[in-house]
Structure formats: C-alpha cells, structure tokens
Amino acid sequence: MIRVSVVGATGYTGEELVTILAGHRDVEITSLSAIMDKPTNISEVFPRLKGQIDLICKSLDVKEVIDSSDLVFLALPHTISMQYAPVFLKNGIKVIDLSADYRLPADLYKEWYGKDHADLGNLDKAVYGLPELYRSEIKTCSLLANPGCYPTSVILAVAPLAEEGVVELSGIIADSKSGITGAGRKASMSLLYGEIADNFKAYKIGTHQHAPEIMCKLGEAAGREVDVLFVPHVIPTRRGILSTIYLKPKKQLTQVNIDKIYNHYYGEEPFVRYSDEGRVPELKDVIYSNYCDIGVKLVKDRIVAVSAIDNLTKGAAGQAVQNMNIMYGFDEKEGL
Ligand SMILES: NC(=O)c1ccc[n+]([C@@H]2O[C@H](COP(=O)([O-])OP(=O)(O)OC[C@H]3O[C@@H](n4cnc5c(N)ncnc54)[C@H](OP(=O)(O)O)[C@@H]3O)[C@@H](O)[C@H]2O)c1
C-alpha cells in the first residue's frame with residue numbers, strides 16, 4: 001500500500017484521478033488539495049464520489065503533503081507544477097506531473113509556454129510517461145511527465161510506422177478533435193455551452209503547444225526529425241479525442257504489412273487495441289476507459305491512421321495511474 005496525494009483535486013483530471021485512485025487496491029489517498037476558499041469534503045465538490053471517499057480537500061499545505069505521501073500527482077496548470085515538484089522530490093517523494101512542465105527541453109518549453117523553465121535540475125531527469133514507448137525508463141523514475149492528451153492520441157497512432165521507417169517523416173498531417181473537458185474546468189467565454197453546443201471548430205492551427213511534444217517524441221521513435229502539421233478541433237462532447245493522421249508510405253506497403261507492424265508493436269499492450277483490416281475506431285468505444293483504439297487504412301499511396309482515446313483517462317488520469325502502477329510494480333491494469 002502506498003500513500004498518495006493529489007494536488008489540483010478539484011479540476012477535471014483531479015476528479016478523474018481521485019475516482020480511479022479511490023478504487024485502487026494498492027493505494028491510500030492521504031491528502032487532496034487545490035485553491036480552496038474553505039476546506040470541503042471532496043464528495044461535496046464532486047457528488048459522484050459520495051460513498052466512495054470521505055476526505056477533506058483543502059488549500060495546498062506542502063509540509064502536510066510531504067509528511068503524508070510516498071507519491072504526489074500534480075494535476076495543476078503548466079508553470080505551476082514546476083514550482084512544487086522540486087520541493088517534493090527533494091523530500092524523497094515521487095512525482096507524477098500531469099501538466100506540460102517536464103515534457104519538453106528547456107528551449108522548446110520557453111518557446112511554446114512563454115516562460116523560462118524554473119526547475120532545470122529535474123527537467124533532464126524526468127521520464128516521458130507513455131508506457132508503450134518508455135516502459136523500462138518509467139519503472140525506475142522518480143519524476144514522471146505524463147503526456148498531453150492530443151500527443152497520446154497522435155504518437156500512439158504514428159510511432160509504429162515512424163519507428164519501422166516505412167513512412168515519410170515530413171508532411172504528416174494530424175487532424176485531431178477533442179471534447180471540451182480537454183480545456184480544463186475553468187470559466188471562459190469560449191467554453192460556454194452556448195459557444196460549444198451545435199458547433200465544431202478548428203483552433204490554434206500551427207500554434208498549439210502540443211505540436212512540439214508530438215514532433216519530439218515521434219522524432220525519438222524514428223531516430224530522426226519528424227515534421228507534423230497538427231490541427232486541433234473542438235467538438236460538442238464532454239470527453240474524447242479522435243485523431244486522423246495522414247501519412248505517405250516511403251515504399252510499397254500492403255494492408256497486410258501495415259496490420260503486421262501494428263500487431264507486432266501493440267500485440268502485448270494492455271491498453272492499445274489495434275483493429276485489423278482498416279477498421280476505424282470510434283469515440284463511443286473508448287470514453288470512460290483507458291484504451292487507445294487504433295485503426296490504419298491504406299488508400300492508394302496514402303496511409304490514414306485513426307486513433308481514439310478518452311482525454312481524461314488514457315489522455316491524462318488513467319495514463320497517470322498506469323504509470324504509477326509501472327513505477328511501483330503493481331499490476332499495470334489495477335484500478336483501470
Ligand atoms: N483536461 C484534460 O483533458 C487534460 C489532459 C491531459 C493533461 N491535462 C493537463 O493536466 C493539468 C490539469 O488539467 P485540468 O484539465 O484538470 O485543469 P483544471 O480543470 O483547470 O484544474 C486545475 C486544478 O489545479 C488547481 N490549481 C490551480 N492553480 C493552483 C495553485 N497555484 N495551487 C494549487 N492548486 C491550483 C485548481 O484549483 P481550483 O479549482 O481551486 O482553482 C484545479 O484543482 C493541466 O496542466 C492540463 O494541461 C489536462
């Protein structure tokens with residue numbers, strides 16, 4: 001049994017984390033915190049947790065978290081996590097950060113997040129928590145950078161082809177659609193029901209902060225630079241990301257070759273389901289689950305890869321718990 005705290009417990013990923021951790025047999029949740037006007041039972045913040053967990057969520061008290069935890073999940077906005085992670089790490093507490101603070105090299109972080117990195121000492125030690133690509137490094141890490149939701153969906157769909165060297169690594173187009181919880185649980189005009197319902201729009205074309213994360217990690221898989229045009233969209237659903245990625249084969253490929261590559265790459269993976277023969281995944285089959293469903297179809301001289309995840313589970317809290325399970329040698333599927 002390990003003692004676990006969640007900082008940022010009142011946000012969307014925090015809610016999902018608490019829900020999953022409350023049902024995890026190897027975990028005791030010892031503290032929950034956020035920015036709180038007054039301490040409040042988490043089941044009052046999220047009534048669906050009533051009867052599952054009885055714990056007060058209060059304003060973050062770093063010393064209390066240090067004294068009561070073996071592991072801390074930081075479900076905080078980017079630029080905030082890197083203020084707290086070094087304090088916990090210095091006190092021997094492992095950290096799983098759901099924000100972007102430890103996912104990119106310092107120069108790219110500054111370019112895309114507009115701020116100098118405040119914890120260069122730990123940035124190099126952070127392990128990128130995509131189990132399907134980095135499982136062995138995850139097992140021994142103390143600081144885990146949980147991947148972004150869009151990057152999880154795009155990287156998992158493209159990595160087998162990039163690593164195998166069978167597709168062009170420039171000119172890849174990733175067209176992703178996300179439900180609105182991807183933007184977090186904060187008030188903003190663009191997130192109003194009246195703006196989202198019955199609507200469907202692209203945003204941040206060429207400027208979304210997940211683009212460098214996608215290209216860096218696919219570059220590591222390919223062993224070469226990878227160029228992706230990433231176009232995110234918002235769809236009028238609460239949860240889920242569906243990514244459609246367009247690639248060009250470098251050599252003659254058949255559907256059978258492609259199926260073989262993906263089945264080889266993901267055949268043993270507990271949370272990736274590859275659909276043979278170009279069958280394409282749908283959001284309804286993955287929401288509220290930790291699965292990433294992938295289907296890939298060869299169309300003349302193009303490959304179209306489609307992936308579907310739940311942004312709050314495989315795209316955030318579920319993947320964070322999967323990573324915790326790997327770090328502590330628990331059953332990788334426990335709680336999920
Ligand atoms: N939403 C997704 O689908 C998703 C997917 C992957 C990764 N992520 C990343 O995960 C992180 C959390 O996302 P989210 O969607 O859960 O965000 P969110 O709904 O906006 O929640 C943020 C949480 O952080 C707390 N918080 C903010 N500033 C704080 C501070 N200075 N001290 C203590 N607590 C603070 C907030 O508390 P109050 O509620 O009291 O303000 C809230 O509990 C973000 O970095 C996000 O980019 C999100």
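These legends walk through three close-up views of a predicted model.

**View 1. A nonpolar patch sits on the surface.** Four residues make this one: Ile 173, Ile 205, Leu 229 and Tyr 246. Together they give a nonpolar surface patch of about 350 Å². Pick out Leu 229 and you are looking at part of strand E11, which covers residues 228–234. Leu 229 is partly exposed, with a relative accessible area of 42%. That value is why Leu 229 can count towards the patch, since patch residues need over 30% relative accessible area.

**View 2. Asn 41 is a buried residue in strand E3.** Strand E3 is just residues 40–41, and Asn 41 belongs to it. With a relative accessible area of 12%, Asn 41 counts as buried, because the cut-off is under 20%. So what does the side chain of Asn 41 reach? It gets to the backbone nitrogen of Ser 43, at 3.0 Å. Leaving aside residues up to four places away in sequence, Asn 41 also touches Ile 53, Asp 54, Leu 55 and Ile 56.

**View 3. Strand E14 pairs with both E13 and E15.** Start with E13 (residues 272–275), which runs parallel to E14 (residues 292–299) and is joined to it by four bridges. E14 also pairs with E15 (residues 302–309), this time in the antiparallel sense, over seven bridges. Gly 295 is a handy landmark in E14: Ser 275 stands opposite it, and its bridge partner in E15 is Val 306. Now follow the chain round the hairpin of E14 and E15, where two residues lie between the strands. Here Lys 300 takes a positive phi near 50 degrees.

Conventions
Residues are numbered from 1 along each chain as its sequence is written. This is a predicted model: local features need pLDDT of at least 70, side-chain atom pairs count only at pLDDT 80 or more; totals for chains, interfaces and linings use all residues. Side-chain values use heavy atoms; hydrogens and water are left out. Patches are made of residues with over 30% relative accessible area and no salt bridge: like charges are joined within 9 Å, nonpolar side chains (Val, Leu, Ile, Met, Phe, Trp, Tyr) within 5 Å. Accessible areas come from the Shrake-Rupley method with a 1.4 Å probe; for residues, only the protein chains shown count as cover. A salt bridge is a side-chain nitrogen of Lys or Arg within 4 Å of a carboxyl oxygen of Asp or Glu. Buried means under 20% relative accessible area, exposed over 50%, partly exposed in between (1.4 Å probe, protein chains only). A polar contact is a pair of N or O atoms within 3.5 Å; within protein, one must be able to donate a hydrogen and the other to accept it, and residues adjacent in sequence count only if both atoms are side-chain atoms. Contact means heavy atoms within 4.5 Å. Two strands pair if DSSP finds at least two bridges between them.
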